Amino acid sequence: MKRVCFDYQAGSPVDPRVFEAMTPYFGTMFGNPSSTHAFGQEAKNAIEEARMKIASLIGARKKEEIIFTSGATESNNLALIGTAQRNKEKGDGITTSAIEHISILNVCKYLARQGFSVKHVPVDSYGLVDPTSVEKTVSEKTIIISIMYANGEIGTIEPIAEIGKIAHTHGAVFHVDAVAAVGKIPVDVERENIDLLSLSSNDLYGPKGVGALYVREETRIAPIILGGGQERGLRSGTENVPAIIGMGRAAEIAAKEMADESVRLARLTDRLRAGITKEIPYSYLNGHPTARLPNNLSMRFSYIEGESLVLSLDMEGIAVSSGSACSSKTLEPSHVLRAIGLAHEEAHGSLLFSLGRWNTDDDVDQVLSVLPGIVSRLRRMSPLTPKNLQV
Amino acid sequence: MYSEEVMDHFRNPRNVGEIPDADGVGTVGNPVCGDMMTVYIKVKDNRIADIKFKTFGCGAAVATSSMVTELAKGKTLEEAMKITRGDVAEHLGGLPPIKMHCSNLAADALHGAIEDYWKKKGSK
């Protein structure tokens, strides 16, 4: 059976061109970038080149504004904890949204326990943050506003530039978790008033275990990992050279191919959405109909539960993920689906298709050929299904 | 994640459906928590002559429903009342720990159907 992956957000393969760029750095080019000798310097030059490519992808003025980390979770920790610690004399206010990634929400919980005052702004039924409601939470004691660029579960793209303007009007640092957006849609830290921006390598088809935090030159944050003072003192520890080289190459490919790739992926997700909506009654789009990521499609199906859908599709060789509690470790349905106003049972019946570089029209056809039958089968089994749908 | 037996019962669930003139009906769970099931029984000579179920829920919820109907079919009501959540899980080759509590409600639904039957009979 041909296997189809529509769960690239959970994990992506390393692009073969990225892998090729990385391999020398496992072997002959093994130097430590902090060493003065030739082995060290060739590694140093290579990571600086990678830094440049990443800076260029997000419109940063200087390559030194890119700090390499172990991944987006660390970047989010560094951005929030680093800003809070550095600015605690100035104030204690933190504003974020209800639909952030768990690595933002849990850091905010931690900072609240340390005495910081965290405010979560709600979103509307499309998952949009209203800049006016952000502004209402802000005072002279606000030190950081952290809003994601685009939501990975429902694809909605936030009005980032506008929120950035509000942050700067009030003298707050503006952090953006852009993991789901970078490499999928154009991101520009200058134009969009961003001070700190988290990004991940694997979402760009680079290796796992590496990421970066963009730190605007004028923005002051404290490190959370101390040691030899690598990465402008903001992230000590010998650099993961092969992974950083891979991330740099991945950023270079994304910058070159993003425009074409986003058109291609948007066409595939549109086809998938149209096919599902046409063939399956009581199926609905989650998230914004137009302000959305080209590679993301979140759909919900009334009367059935998401994990059963995931298992059934898996038996047909198709990998997707679900917003269901039964697929999570906490047994709570997705906080994002709850925040856009879905009832528990609607959140339970949601599926996320996250498309990637290697998906084709054939993959979409394969899903459309089996999903209607799977939904009917599960609906026939469900006590919630109205009688007229039980055929 | 799931055992072969669970996947077999999820793929080909036994005794799915409703019994319109059921002698006893038991419903447990609710859609809010993600699992809900209804068990229908037909009783003859104090034995479970026929049994069907409908389930909204995850793979484990479907498989435990299917398994409990297999275990109960043909048993006396007293024997069926002794079937536990643990028995259902054991016959399925075990369940992931996180599913033991939330999605292993099928035995409760069966007991509910039998109690419903007894209640109706008593009131006749």
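This report describes the interface, the sheet and helix arrangement of chain B, and the buried cores of chain A in a predicted model.

**Interface between the chains**

On the chain B side, 20 residues are in contact with 18 residues of chain A. Five elements of chain B each supply at least two residues of the side that touches chain A: helix H1 (4-11), strand E2 (35-44), strand E3 (47-56), helix H2 (59-72) and helix H5 (97-102). By residue class, this side of chain B comprises 12 nonpolar, six polar and two charged residues.

**Sheet and helices of chain B**

Chain B holds an open sheet of three strands in the order E1-E2-E3, with antiparallel pairing. Strand E1 (24-30) and E3 of chain B stand at the edges and each have a single partner strand, so one side of each lacks a neighbour in the sheet. On average, and with direction ignored, neighbouring strands of this sheet are turned by 15 degrees against each other. Seven bridges connect E1(B) with E2(B) in the antiparallel sense. Within E2(B), Tyr40(B) is the residue opposite Val25(B).

H2(B) lies across E2 and E3 of chain B and runs at about 175 degrees to E3(B). The axes of H2(B) and H1(B) come within 8 Å of each other and cross at roughly 85 degrees. Since angles of 65 to 115 degrees count as roughly perpendicular, H1(B) and H2(B) are therefore placed in that class. H1(B) contributes Val6(B), His9(B) and Phe10(B) to the contact, while H2(B) contributes Gly59(B), Ala60(B), Val62(B), Ala63(B), Ser66(B) and Met67(B). The residues of this contact of H1(B) with H2(B) divide into six nonpolar, three polar and no charged.

The strand pairings of the two chains for which bridge counts are available are set out below.

| Strand pair | Sense | Bridges | Opposed residues |
|---|---|---|---|
| E1(B) and E2(B) | antiparallel | seven bridges | Val25(B) and Tyr40(B) |
| E2(A) and E8(A) | antiparallel | four bridges | Thr69(A) and Gly211(A) |

**Strands and cores of chain A**

In chain A, strand E2 (residues 66-69) directs Ile66(A) and Phe68(A) one way and Ile67(A) and Thr69(A) the other way, and all are buried. E2(A) runs antiparallel to strand E8 (residues 211-215) of chain A, to which four bridges join it. Thr69(A) has Gly211(A) of E8(A) as its bridge partner.

The largest nonpolar core has 85 residues, and Ile58(A) and Tyr214(A) have the most contacts inside it. Helix H7 (residues 241-279) of chain A gives the most to this core, namely nine residues. When residues up to four places away in sequence are not counted, Ile58(A) touches Val182(A), Val187(A), Asp188(A), Val189(A), Leu197(A) and Tyr214(A). Separate from this, a second core of 66 residues includes Tyr8(A), Leu268(A), Val320(A) and Val367(A).

**The surroundings of Val187(A)**

One of the residues touched by Ile58(A) is Val187(A). Val187(A) is located in the loop between strand E6 (173-177) and strand E7 (196-200) of chain A. Is Val187(A) buried or exposed? A residue is buried if 20 or more other C-beta atoms lie within 10 Å of its own; Val187(A) has 23 C-beta neighbours inside 10 Å and therefore counts as buried. Apart from neighbours within four places in sequence, the contacts of Val187(A) are Ile58(A), Tyr149(A), Ala178(A), Ala181(A) and Val182(A). The C-alpha atoms of Val187(A) and Ala60(A) are separated by 9.9 Å, although these residues are 127 residues apart along the chain.

How values were computed:
Residues are numbered from 1 along each chain as its sequence is written. Chains are lettered from A and ligands numbered from 1 in the order in which they are written. This is a predicted model: local features need pLDDT of at least 70, side-chain atom pairs count only at pLDDT 80 or more; totals for chains, interfaces and linings use all residues. Two residues are in contact if their C-beta atoms, placed from the backbone, lie within 7 Å. Ala, Val, Leu, Ile, Met, Phe, Trp, Tyr, Cys and Pro count as nonpolar, Asp, Glu, Lys and Arg as charged, and the others, Gly among them, as polar. Two strands pair if DSSP finds at least two bridges between them. Axes are lines fitted to C-alpha atoms, for helices over the stretch in contact, and angles run from 0 to 180 degrees between N-to-C directions. A residue is buried if 20 or more other C-beta atoms lie within 10 Å of its own, exposed if 12 or fewer, and partly exposed in between; C-beta atoms are placed from the backbone. A nonpolar core is a set of buried Ala, Val, Leu, Ile, Met, Phe, Trp, Tyr and Cys residues joined through C-beta atoms within 7 Å. Angles under 35 degrees count as roughly parallel, over 145 as roughly antiparallel, 65 to 115 as roughly perpendicular and the rest as oblique.
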